[in-house]
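Here is a short report for a reader meeting this structure for the first time. It starts with a single residue and then widens to the whole chain.

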Amino acid sequence: MTRVISVAGLAEKVRQQVSSERYAHIQRVAELAAAIAKANGLDVEKAYLAAILHDAARDFTDEQLLQLAPPENEIERRHPLALHGRVARRLAQDWGVQDEEILEAIEGHVYGVSPAHKVGMALYVADVSEPARGVNHEIRQKALAGQLEEAYREAVVCKVRYLRKKGIEPHPRTLAAYQAVLQQGRPTQSAG
């Protein structure tokens with residue numbers, strides 16, 4: 001028997017897990033992710049649902065995060081908040097979400113995703129550039145103008161630079177996303 005998943009029902013489950021301020025952020029990210037998806041010819045419903053679920057575990061305690069997603073490296077042990085995407089993915093699965101594209105986007109909003117993962121890129125860009133954050137306006141505008149790959153590349157580069165400036169070691173998966181977007185952004189050599 002297949003369970004019918006209600007977006008409104010899932011949104012209510014998330015609302016019960018987070019503060020009202022966090023839920024307002026989630027709603028803004030979901031609206032922006034849907035708009036970015038539409039502007040780039042992606043599945044709007046998948047982007048919206050991934051965004052609704054992306055921060056479901058963001059207000060969990062360090063102890064809860066560590067229990068629900070055992071750390072895979074030293075960075076996660078030192079900074080349990082880095083686990084909130086993995087825990088949100090687990091919650092989504094527990095609530096009946098089975099679409100791997102949505103689940104990967106939820107988990108990847110923390111670290112970054114492969115440049116081939118368009119819904120994940122839309123969520124990542126929406127999360128770092130939602131208007132109430134007051135930053136990354138240019139990244140948001142590029143994504144809404146149908147330039148998702150360029151917006152995502154700038155978002156990942158910006159995040160890595162920010163972390164390094166703050167003296168925070170980027171997560172290995174963030175570094176992998178960083179290397180992938182740098183490689184993707186390089187012009188190809190042509191035989192002249």
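G41 counts as exposed, because its relative accessibility is 67%. The model that shows this is a predicted one. G41 sits in the loop that links α2 (20-39) to α3. R164 makes a distant partner for G41: their C-alpha atoms are 34 Å apart, with the two positions 123 residues apart along the chain.

**The whole chain**

The chain has 11 helices and 0 strands. In sequence order the pattern is α-α-α-α-α-α-α-α-α-α-α. The radius of gyration is 16 Å, close to the 16 Å that the globule rule gives for 192 residues, so the chain is as compact as a globular protein of that length. Along the principal axes, the C-alpha atoms fill a box of roughly 60 × 40 × 35 Å.

How much of the chain is buried? Buried residues are 46% of the 192 residues. The surface that the chain exposes comes to about 9900 Å², and 50% of it is supplied by carbon and sulfur atoms.

Contacts also reach along the sequence. Among those with a separation of 6 or more, 60% join residues 24 or more positions apart. Charges come next. The chain carries 25 positive and 25 negative side chains. The centres of these two sets lie 4 Å apart.

**Helix α6**

Is helix α6 enclosed or open? In α6 (residues 84-94), 8 of the 11 residues are buried, so the helix is largely enclosed by the rest of the structure. The buried residues are H84, G85, R86, V87, A88, R89, L91 and A92. Their cover includes α3 (44-53), α4 (62-68), α5 (74-78) and α7 (100-111). Just after α6 comes G96, which takes a positive phi of about 105 degrees.

H84 belongs to α6. H84 counts as buried because its relative accessibility is 8%. Which side chain does the side chain of H84 meet in a polar contact? The partner is D55, at 3.1 Å. A polar atom of the H84 side chain also lies 2.7 Å from the backbone oxygen of L81. Beyond its neighbours within four places in sequence, H84 is in contact with H54, D55, A57, R58, L65, H109 and V110.

**Helix α7**

I102 is part of helix α7. With a relative accessibility of 5%, I102 counts as buried. Setting aside residues up to four places away in sequence, I102 touches K46, L49, A50 and V97. A51 is 51 residues from I102 along the chain, yet their C-alpha atoms are separated by 8.9 Å.

**Two asparagines in loops**

N73 lies in the loop between α4 and α5. N73 counts as buried, at 16% relative accessibility. A polar atom of the N73 side chain lies 3.1 Å from the backbone nitrogen of I75. Outside its neighbours within four places in sequence, N73 is in contact with H171 and P172.

N136 is in the loop between α8 (118-129) and α9 (137-144). N136 is also buried, with a relative accessible area of 17%. What is the phi of N136? It is positive, about 65 degrees, although N136 is not a glycine.

**Helix α10**

E154 is found in helix α10, which covers residues 148-165. Is E154 buried or partly exposed? At 27% relative accessibility, E154 counts as partly exposed. Leaving out residues up to four places away in sequence, E154 touches I139 and K142. The side chains of E154 and K142 are joined by a polar contact of 2.3 Å. V181 is 27 residues from E154 in sequence, and 8.7 Å away in space, C-alpha to C-alpha.

**Accessibility side by side**

The table sets out the residues described above.

| Residue | Relative accessibility | Class |
|---|---|---|
| G41 | 67% | exposed |
| N73 | 16% | buried |
| H84 | 8% | buried |
| I102 | 5% | buried |
| N136 | 17% | buried |
| E154 | 27% | partly exposed |

Methods
Residues are numbered from 1 along each chain as its sequence is written. This is a predicted model: local features need pLDDT of at least 70, side-chain atom pairs count only at pLDDT 80 or more; totals for chains, interfaces and linings use all residues. Side-chain values use heavy atoms; hydrogens and water are left out. Helices (H or I, at least four residues) and strands (E, at least two) are DSSP runs, numbered from the N terminus. The radius of gyration is taken over C-alpha atoms; the globule rule is 2.2 Å times the number of residues to the power 0.38. Buried means under 20% relative accessible area, exposed over 50%, partly exposed in between (1.4 Å probe, protein chains only). Contact means heavy atoms within 4.5 Å. Accessible areas come from the Shrake-Rupley method with a 1.4 Å probe; for residues, only the protein chains shown count as cover. Lys and Arg count as positive and Asp and Glu as negative; His and the chain ends are not counted. The place of a charge is taken as NZ of Lys, CZ of Arg, CG of Asp or CD of Glu. A polar contact is a pair of N or O atoms within 3.5 Å; within protein, one must be able to donate a hydrogen and the other to accept it, and residues adjacent in sequence count only if both atoms are side-chain atoms.
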